[in-house]
Every structure is written in C-alpha cells, then in structure tokens.
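Me: Take me through the part where the chains touch, please, and go slowly. A short detour first is fine.

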2 protein chains.
Amino acid sequence: MRVSSKTDYALRTVIDLALHMDDGVSAAARIAERQDIPVKFLEQILMILKAGGIVESKRGAGGGYFLADPPSHISVASVMRLMEGRLFGPPVSAQRRRAGSVSSSKELPFEELWANVEAAVAENLEKISISEMSDRVRKHSHTSLDFSI
Amino acid sequence: MRVSSKTDYALRTVIDLALHMDDGVSAAARIAERQDIPVKFLEQILMILKAGGIVESKRGAGGGYFLADPPSHISVASVMRLMEGRLFGPPVSAQRRRAGSVSSSKELPFEELWANVEAAVAENLEKISISEMSDRVRKHSHTSLDFSI
DNA sequence: TCATATCCTACTAACACGATAGGCATAATG
DNA sequence: CATTATGCCTATCGTGTTAGTAGGATATGA
Ligand code: FES
Ligand code: FES
C-alpha cells in the first residue's frame, strides 16, 4: 500500500509554499524546480489544490500560487484526502462489482475493520499541520549540509 | 488509497479456512466457490499464503489447504503485510528514482510521517485475529437471513 | 504589445492489477 | 496400473490507473 506520487508532490508543494511565504507568490515553474517535479504535472496538481481551497492563485505576469490559509491551519490529512479520496478504503473487487454493491451482511465485519483503520490513519494525519512539516524540513536542511559524495 | 482485491481475497480465504476447520482440508475449488473468488486467481493467492507460512497444504486427491496455526494466533496484519508488502508506505516517485534512493536529509520528515501512520495501522491490525474475524462473520450470517429483495 | 503567468483539455506511455490458461507433479482410489 | 483429483508453477493478457506530455486559450503586469 503506497501513497501515490501525486499526493507526495502535493504535500511537497504545500510545504514548499509554506517555506516561501515571505517571497510572495510562487510561480508553478519555481515550485517545480525547487521540488524537482515535472512542471506540467505540477500544474494539474495545483489546479486540484486550488479547487480544494488549499491554495489560491494570481494570474498573469508576476502571478503564482500561495496558501489560502496559514500553514498551521492546514492538516496533512486535508491535503491527502483531497488527492487520494479516502485515506484508507476497502477494495472494490470484481466480486463486489458482481454483487452490485448490495453489501450483504457478511461484508459488515470487513467494513468495520477498514473503517477502524481509516479512523486511525485520519487521527494520525489530522494532528500534523503543514507548519509542523515545514518546521521539520527547515530544521533538517540546516543541520546537514550534506558533504556526502 | 484502497486495499487491493488480492488482500481482500486472502483475508476471506484465511477466515474461510478458520470457519471450516472441522471439515479437514479445503480444496482451492471449494474455497473459491464458497467465497466467490476466481479459482485460478485464488490458487496464486494460496501459494503466497503458503510461502508466507500462513497456510499449509496436502497434495493429490483428497488434498487441500488448511491453516498452519490456530486462528487466534494469526493476525489480520500478518496476512495483509504478506500481500501488500508495507502496510502504508511512501511513494516510489520518479523523483525518488532519479535521485537513486539516496534519501537526502530533506526526505527524513516524510519518512517519519509515513512510518508513524504505518505504525498506527499496524497497531490496529495486529490486535485483530482471524478467530475474531471469523466470529464476527459467523454472528452475522446467523442473525440476518437476508429477506431483502 | 510583449512577456509571463495561470488555466484547461486532450493525449500517451508505462505499469499494476485482476484474471485466465495450460501443463506438470503428486497422491488417493479402485 | 490407470484414473482422477488435487496442488504447484509460469506465462500471458486485458483493462484501468498512474504519471507524465503537449498545446493552446486566457489573463495580467510592465
Ligand atoms: S461484529 Fe458485526 S460488524 Fe463488528
Ligand atoms: S524532525 Fe522528525 S525527522 Fe527530523
């Protein structure tokens, strides 16, 4: 079970915007090179983030993107939910499709199981804000100047 | 983020085996029809479950599969981990592949994040045993005889 | 008017997933 | 011994999702 690249990129993007709030707006191209994300792919991600109310934008020359809310008010969960839909969902097996989503009573224990896990994940990710994440990133880029070969 | 059908099938299979322990071994074909899983697909899943030490098998006529351990000693987590690899892992983005898994220090906060979530998921799933799951299933197939149209 | 942006849609390549197929190996049964 | 029932193993395939590209329309500041 892996997180999608899209979600990964989205998180990096939002954190990047938090780290560069003072510089005013950030053009997609700027973010892309800072975070090493394919520009055109990033544009799509930014559209989703905008539709989801996480970032706002300013068009035209000198334009770019910026966070719609203070970083401390944005949770990792909200970003992830926007990109992934459910944080931890049940499978949509062919079996289920054959049954036509008639969720028989035998399915209930499974639904309960997955719901519990999803709740655990949500609890975890709701607690972490983008400002916490950006703090961590900042700390790490200071401490290690990376003299490795 | 959805659980794969493979994991879903594997769980149902193991629970099915728990429910039919008295009948001796269960042939793959039996399990397949009881759980409505494509037989040949199930065979592959059973191979994995066997390699993972969760089920054992008896070959030849009258053969079949059975649990390697008592259901109370098998956790949902162990089955799921076997099928999915990591319970909740980081993405393997092209970015990361370009970097050649050099996990720079900037990645650490992310690794920490995913590791925490994975731990939460694990904690949740480690607690639930197959015997609990089979109990729940049993209870539900008794209580509701499903007179729905 | 030009350069620099966002915005939007369509397309495509690669991969993962769910599933299928065919055949070999082993064991029970008569 | 032949037959039948099973597990064991590998290859292949169709489809959907994912990750990434491409091109251009639209807006804005200088
Ligand atoms: S026992 Fe009925 S869903 Fe938990
Ligand atoms: S602050 Fe958590 S990884 Fe360094």
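Reply: Two strands count as paired if DSSP finds at least two bridges between them. Helices (H or I, at least four residues) and strands (E, at least two) are DSSP runs, numbered from the N terminus. This is a predicted model, in which local features need pLDDT of at least 70 and side-chain atom pairs count only at pLDDT 80 or more, while totals for chains, interfaces and linings use all residues; side-chain values use heavy atoms, with hydrogens and water left out. Residues are numbered from 1 along each chain as its sequence is written, chains are lettered from A and ligands numbered from 1 in the order in which they are written.

Now the detour, in chain B. Strand 1 (residues 55-58) and strand 2 (residues 64-67) of chain B run antiparallel, joined by four bridges. Across that pairing, B:Glu56 faces B:Phe66. The two strands make a hairpin with five residues in between, and B:Gly60 in the turn has a positive phi of about 80°.

On to the contact. Chain A lands on chain B after a rotation of 179° with 0.1 Å of shift along the axis, RMSD 0.3 Å (least squares on C-alpha atoms of residues with pLDDT of at least 70 in both copies). The copies are thus related as by a two-fold rotation axis. Both use the same surface, as 98% of the contact residues of chain A recur in chain B. In numbers, 51 residues of chain A are in contact with 52 of chain B, contact meaning heavy atoms within 4.5 Å. The buried area is about 4,700 Å², 59% of it from carbon and sulfur atoms; that's the accessible area (1.4 Å probe) that the two parts lose on being put together, summed over both.

What holds polar company there? There are 13 residue pairs in polar contact, both at pLDDT 80 or more: N or O atoms within 3.5 Å, where within protein one must be able to donate a hydrogen and the other to accept it, and sequence neighbours count only if both atoms are side-chain atoms. Four salt bridges also run between the chains, each a side-chain nitrogen of Lys or Arg within 4 Å of a carboxyl oxygen of Asp or Glu. One of them pairs B:Arg136 with A:Glu112, closest N and O atoms 3.0 Å apart.

On chain A's side, helix 1 (5-19), helix 4 (76-84), helix 5 (94-99), helix 6 (108-127) and helix 7 (130-143) each supply at least two residues. Helix 6 gives the most, twelve. By class that side has 26 nonpolar residues, 13 polar and twelve charged (Ala, Val, Leu, Ile, Met, Phe, Trp, Tyr, Cys and Pro are nonpolar, Asp, Glu, Lys and Arg charged, the others, including Gly, polar).
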